[in-house]
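The exercises below are meant to be worked with the sequence and the structure side by side. Each task is followed by a solution that goes step by step.

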Amino acid sequence: MDAIILQILNGLDKGSAYALIALGLTLIFGTLGVVNFAHGALFMIGAFCAVFVQRVLTLSVETVDPTKTDFLGNPLKVKTPYVENWFGHDFGSAIIDWSVPLSVLFCIPVMVLIGFVMERGLIKHFYKREHADQILVTFGLAIVLQEVIKAFYGANPIQTPAPEMLSGVATLAGGIVYPVWRIVYFCFAALIIGGVFAFLQFTTFGMVVRAGMADRETVGLLGINIDRRFTIMFGMAAAVAGLAGVMYGPINAPNYHMGMDFLVLSFVVVVVGGMGSLPGAVAAGFLLGILESFASTTWATTTIPGINQIIIYLVAIIILLTRPRGLLGKKGVME
Amino acid sequence: MFGLNKKDSALLLAVAVLTMLAPFILNPFPTDSGLAQFNAGYPDLMQRFVIFGIFAIGFNILFGLTGYLSFGHAAFLGVGSYSAVWMFKLLSMNIIPAIILSVIIAGLFALVIGYVSLRRSGIYFSILTLAFAQMSFALAYSVLTPITNGETGLQLSLDDPRILDGASTTGSLPVTSLFGLEMREAVDMAVGPWSFTFSVGYYVCAVFMILAFYLAIRIFRSPFGMMLRAIKSNQQRVSYTGLNPRPYTLAAFVISGMYAGLAGGLLASMDPLAGAERMQWTASGEVVLMTILGGVGTLIGPVLGAGLIKYFENIFSKINDNVLHGWFSFLPDGIEDFIVTIIHPFVGKGWHLTLGIIFMLVVTFLPGGLVEGGQRIARMFRGKKKTGGADAAKTEAAE
């Protein structure tokens with residue numbers, strides 16, 4: 001029993017990431033009808049927001065401490081981050097320690113801005129073109145974004161550690177030992193997903209967007225500027241992907257191609273969940289994450305070797321062939 | 001000629017002549033000049049040009065004619081490579097059986113994957129092929145290690161059985177050959193400051209590419225090709241006419257899979273090792289880039305695209321800061337440094353960035369790729385002449 005719960009928990013953190021990315025993908029697809037291959041790159045840029053904030057916070061001033069000497073007998077050079085100088089040692093180091101959660105605040109406006117620029121500058125011109133063209137141009141954009149990040153931060157993964165308070169392990173009821181940050185990540189993801197759904201469900205803006213998703217033309221005829229609202233939704237989807245990336249940093253050190261790795265899986269998640277269905281994307285994200293973690297147990301890998309590597313694709317193939325609309329897909333979307 | 005009309009024969013002839021003379025054409029700069037690093041006429045790169053040309057021609061038969069965008073074509077290339085290397089290990093170092101086997105195995109593989117994937121179309125087809133390719137990649141990397149040798153990649157070794165010519169294996173690893181003609185044999189020719197290399201391997205690949213190109217022309221012009229185009233333009237209407245499109249698309253898928261297998265087999269024949277990374281989806285993405293850059297649905301486009309990308313990958317990526325400083329040394333120091341810093345991210349290791357930007361521009365503004373670009377330029381010139389003539393006539397009339 002414990003083992004089963006542990007596997008479910010293990011699946012939750014990856015599942016949360018899948019669910020968040022898939023949610024963003026579905027938002028974009030459901031509103032604008034665009035298949036966005038650059039969404040993984042947005043996730044990656046989010047993760048690098050955390051790297052950027054960390055770098056900025058640890059910008060240091062170098063002073064010579066005459067009272068101490070290093071091992072060669074020269075006066076010791078001490079690097080003090082500016083924040084420690086400004087806010088005092090304790091508070092400053094606490095800020096640096098909490099750089100990942102803090103970068104969430106930085107990430108949201110940046111990602112929304114990137115989303116706006118992307119939609120207005122590029123995607124807008126591809127509404128009327130084939131899905132294949134949309135895939136291709138966003139694929140090209142993904143390469144460009146990835147290379148830009150690589151040009152700035154290099155090809156090696158960069159550690160973004162979690163705050164010390166949240167980086168240990170917790171012992172849950174039943175004696176299960178589990179890293180705290182993963183629990184935080186799951187809660188964070190649940191919060192965001194809940195927030196997005198609540199926004200769509202309970203605000204006037206969300207209602208208009210849902211109406212636009214159902215019938216764009218009619219909403220336009222009612223005198224509502226639906227294009228602008230969809231652009232805002234694109235920004236929101238980008239922010240969701242970015243937030244998923246920021247908080248994923250401590251679990252997996254950000255590197256420039258992490259987006260591509262997640263992208264393929266998230267597409268599979270979207271297809272399994274049903275193209276254009278938001279609950280489907282979230283459900284499929286968690287489901288596949290948990291399935292993957294069950295397939296990685298020694299019992300599964302000894303029974304069917306290699307199952308942990310292919311389970312997600314296998315499920316996707318079976319679902320696509322037997323239930324082409326996906327788990328919760330609606331009729332008439334992309335058929 | 002060979003059942004082609006005049007225009008196609010001319011195209012085939014041009015391609016044949018260009019590939020045969022490639023060692024000259026790709027080496028336009030004397031070896032000791034500063035531009036010598038732009039010479040692409042060394043065997044390894046020329047082989048890649050033609051091999052990936054074959055790969056892209058095959059991909060274009062599927063994507064260009066039927067419009068089905070496969071994101072998993074590299075799997076067939078990888079399978080072809082593996083089967084060729086196994087043939088070298090088990091049977092003989094002759095490349096003919098290896099290539100035949102790699103084409104057949106890749107074809108069978110494509111038959112299975114295509115049969116399943118072609119049940120869906122559009123984005124679902126892309127995702128299905130992607131899923132299959134990623135599955136093959138993951139399996140080749142982990143569980144199938146006895147067959148694929150996992151991360152290290154499949155290589156030749158001295159104690160391989162090699163039934164047909166095992167006895168001749170002595171101290172060093174044998175090399176691939178075509179009935180005794182070794183693939184890596186090459187003749188250097190020096191003409192003044194220029195030097196040209198003619199390698200056996202390149203010419204073998206080139207012959208295969210010309211054959212593949214010829215076959216592609218025949219497919220494009222055949223009733224079968226017309227059928228595929230019909231499916232691309234309106235699949236529903238094809239079904240309404242009482243024709244079942246599935247066998248046609250499946251045939252196109254298998255043919256393009258076999259092309260990929262041929263390319264994989266040739267890659268292994270030139271350098272007998274095969275690794276799983278050849279099957280990764282980024283490799284599939286690369287062939288998509290090649291085809292789109294060159295021109296989808298055109299005959300010559302994919303070959304051009306393949307050449308361009310491989311040229312970028314091998315030549316553009318070698319331009320480093322020293323070279324840039326060399327080029328701009330005539331400028332004052334400050335401006336020189338400034339220009340070098342600006343260009344730096346786009347060349348050398350950052351060549352992918354340039355590629356991505358070019359690709360986006362092509363998809364946005366030039367959906368027909370380089371071929372369409374060429375046509376537009378040609379039309380512009382022709383158009384100018386015509387309007388120029390009209391203007392002249394007008395002025396004459398006025399006088």
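**Exercise 1. Which residues of chain A does UniProt place in the feature "transmembrane region", and how much helix do the spans 16–35 and 303–321 hold in this predicted model?**

Solution. Begin with the record: an unreviewed UniProt entry gives the feature "transmembrane region" at residues 16–35, 42–61, 102–123, 188–209, 229–250, 262–291 and 303–321 of chain A. Next, turn to the coordinates for two of these spans. Residues 16–35 of chain A are 85% helix and 0% strand, and the C-alpha atoms at the two ends of the span lie 21 Å apart. For residues 303–321 of chain A the content is 84% helix and 0% strand, with 25 Å between the end C-alpha atoms.

**Exercise 2. Describe the side of chain A that touches chain B, and then place His131(A) in its surroundings.**

Solution. First count the participants: chain A brings 31 residues to the contact, and chain B brings 33 residues. Then ask where those of chain A come from; α6 (131–153), α11 (258–273) and α14 (307–322) of chain A each provide at least two residues, and the most come from α6(A), which gives 14 residues. By character, this side of chain A consists of 24 nonpolar, five polar and two charged residues.

His131(A) belongs to helix α6 of chain A. Setting aside neighbours within four places in sequence, His131(A) is in contact with Val35(A) in its own chain and with Gly122(B) and Ile123(B) across the chains. His131(A) has 17 C-beta neighbours inside 10 Å, and because a buried residue needs 20 or more and an exposed one has 12 or fewer, His131(A) counts as partly exposed. Finally, the C-alpha atom of His131(A) is separated by 15 Å from that of Val271(A), although these positions lie 140 residues apart along the chain.

**Exercise 3. Is Ala268(B) buried or exposed, and which residues does Ala268(B) touch?**

Solution. Locate the residue first: Ala268(B) sits in helix α11 (residues 245–270) of chain B. Inside 10 Å there are 28 C-beta neighbours, and since 20 or more are required, Ala268(B) counts as buried. Not counting residues up to four places away in sequence, Ala268(B) touches Ser81(B), Ala84(B), Val85(B), Ala98(B) and Ala274(B). Gly295(B), by contrast, is 27 residues away along the chain, and its C-alpha atom is separated from that of Ala268(B) by 27 Å.

**Exercise 4. At what angle do α3(B) and α11(B) pack, and what is the character of the residues in their contact?**

Solution. Two packed helices are described by the angle between their axes and the distance between the axes. Helix α3 (residues 43–66) of chain B packs with α11(B) at about 170 degrees, and the axes are 9 Å apart. Because angles over 145 degrees count as roughly antiparallel, this is the description that applies to α3(B) and α11(B). Among the residues that meet are Ile51(B), Phe55(B) and Leu62(B) of α3(B), and Phe253(B), Tyr259(B) and Leu266(B) of α11(B). Sorted by character, the contact holds 19 nonpolar residues, five polar and no charged ones.

**Exercise 5. How many helices and strands are there in chain B, and how does its radius of gyration compare with the globule rule?**

Solution. Chain B has 17 helices and six strands. Its radius of gyration is 24 Å, close to the 21 Å that the globule rule gives for 399 residues, so chain B is as compact as a globular protein of that length. As a further step, consider the interior: buried residues make up 44% of the 399 residues in chain B.

Note on methods: Residues are numbered from 1 along each chain as its sequence is written. Chains are lettered from A and ligands numbered from 1 in the order in which they are written. This is a predicted model: local features need pLDDT of at least 70, side-chain atom pairs count only at pLDDT 80 or more; totals for chains, interfaces and linings use all residues. Helices (H or I, at least four residues) and strands (E, at least two) are DSSP runs, numbered from the N terminus. Ala, Val, Leu, Ile, Met, Phe, Trp, Tyr, Cys and Pro count as nonpolar, Asp, Glu, Lys and Arg as charged, and the others, Gly among them, as polar. Two residues are in contact if their C-beta atoms, placed from the backbone, lie within 7 Å. Axes are lines fitted to C-alpha atoms, for helices over the stretch in contact, and angles run from 0 to 180 degrees between N-to-C directions. Angles under 35 degrees count as roughly parallel, over 145 as roughly antiparallel, 65 to 115 as roughly perpendicular and the rest as oblique. The radius of gyration is taken over C-alpha atoms; the globule rule is 2.2 Å times the number of residues to the power 0.38. UniProt positions are given in the numbering used here, feature names are shortened, and annotations may be inferred rather than shown by experiment.
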